[in-house]
Amino acid sequence: MEIFKSLGEFRAWRDRLAEHEIKSGARLKMGFVPTMGALHEGHASLLRQSASDNEITILSIYVNPTQFNRPDDLAKYPRTTGQDLEIAHRCGVDAVLIPTASEDLYPDQYTFQIVEKEFSKILEGEHRPGHFEGMLTVVLKLLNVARASKAYFGEKDFQQLALVRGMAKAFFLQTEIVGCPTIRESDGLAMSSRNLRLSKSDRLIAPKLFSAMTEFSNLADARKVLEEIGFKVDYLVDHTHEGSTRRLVAASLGEVRLIDNVPVKGFNEGAAP
Ligand code: AMP
């Protein structure tokens with residue numbers, strides 16, 4: 001497994017692969033999984049999917065400062081690089097890009113930005129100003145340097161996946177965006193790097209986020225239950241985007257903000273009107 005800490009070295013490796021493709025006349029299938037590290041089974045499922053679909057799998061690990069709207073959230077974001085590399089190796093990753101200098105990705109000092117004006121302004125976008133601009137901008141940069149055939153994103157971050165898909169369509173990107181199902185702990189809690197920051201007692205309460213979403217058909221009842229057990233709820237809504245309805249939630253336990261979503265079709269079908 002190759003490990004690149006500078007964008008320049010990574011791009012030189014990627015160029016060599018392109019030359020090899022030209023010489024051999026055979027196009028390599030390449031999969032790309034962008035992450036912020038602190039890898040868990042959710043990330044591993046994306047990496048395994050990529051390794052089974054493609055000949056080459058590229059992982060990036062970069063805690064992107066421009067998508068954090070709270071300095072404390074950025075400072076406390078878990079960093080577990082040694083363990084991440086072991087997981088990457090086990091999942092069949094061929095190359096890891098871990099840019100250590102932000103100037104590498106932002107030679108423009110973040111003066112150029114990707115702005116989406118509708119779906120990015122509600123839900124997460126409303127509660128985390130600037131988050132989606134930062135995310136879309138860094139994802140576009142990473143997609144351009146990876147030049148993969150497919151890139152893998154989790155449904156766990158539903159709005160992110162929809163916006164990346166929208167960006168790929170709007171800008172005629174060459175990489176196909178593949179959505180992958182949410183991986184959960186056995187108690188239902190969606191896996192997230194931020195779960196590492198939950199206190200022992202909050203970790204016991206956290207799975208209620210998922211159970212409240214799935215067990216109540218009435219959103220006000222679900223919200224009330226969550227607030228009674230100590231969540232600060234930012235939103236809990238059913239939202240229809242491009243024909244499919246999801247139930248989306250964001251809520252904090254102490255300083256740790258969690259998000260989750262489930263398809264609405266299925267669990268409340270047949271519920272009393
Ligand atoms: P992050 O490192 O949190 O930026 O996530 C990197 C990628 O992994 C994103 O596409 C996420 O949606 C995806 N991901 C994070 N958690 C999960 C999970 N529990 N199940 C599936 N995908 C996930």
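This dialogue walks through the ligand site and two arginines of a predicted model.

Trainee: What should I know before reading this model?

Mentor: Residues are numbered from 1 along each chain as its sequence is written, and side-chain values use heavy atoms, with hydrogens and water left out. Because the model is predicted, local features need pLDDT of at least 70 and side-chain atom pairs count only at pLDDT 80 or more, while totals for chains, interfaces and linings use all residues.

Trainee: Which residues come nearest to the ligand?

Mentor: A residue is near a molecule if one of its heavy atoms lies within 4 Å of it. Around the ligand there are 17 residues, of which Met36, Gly154, Asp157, Ile183 and Met191 come nearest.

Trainee: What kinds of residue make up the shell around the ligand?

Mentor: Ala, Val, Leu, Ile, Met, Phe, Trp, Tyr, Cys and Pro count as nonpolar, Asp, Glu, Lys and Arg as charged, and the others, Gly among them, as polar. By that division the shell holds eight nonpolar, seven polar and two charged residues.

Trainee: Where do polar backbone atoms of the protein meet the ligand?

Mentor: A polar contact is a pair of N or O atoms within 3.5 Å; within protein, one must be able to donate a hydrogen and the other to accept it, and residues adjacent in sequence count only if both atoms are side-chain atoms. Here a polar backbone atom of glycine 154 is 2.9 Å from an oxygen atom of the ligand, whereas for isoleucine 183 a backbone N or O atom lies 2.9 Å from a ligand nitrogen, and methionine 191 likewise has a backbone N or O atom 2.9 Å from a nitrogen atom of the ligand. The ligand taken alone exposes 480 Å², and the protein buries 93% of that (areas come from the Shrake-Rupley method with a 1.4 Å probe; for residues, only the protein chains shown count as cover).

Trainee: Is arginine 247 buried or exposed?

Mentor: Buried means under 20% relative accessible area, exposed over 50%, and partly exposed in between, with a 1.4 Å probe and protein chains only. Arginine 247 has a relative accessible area of 0%, so it counts as buried. Its side chain has a polar atom 2.7 Å from the backbone oxygen of phenylalanine 216, and the side chain also makes a polar contact of 2.7 Å with that of aspartate 238.

Trainee: What is the relative accessible area of arginine 194, and which side chain does it contact?

Mentor: Arginine 194 is also buried, with a relative accessible area of 15%, and its side chain is joined to that of aspartate 73 by a polar contact of 3.0 Å.
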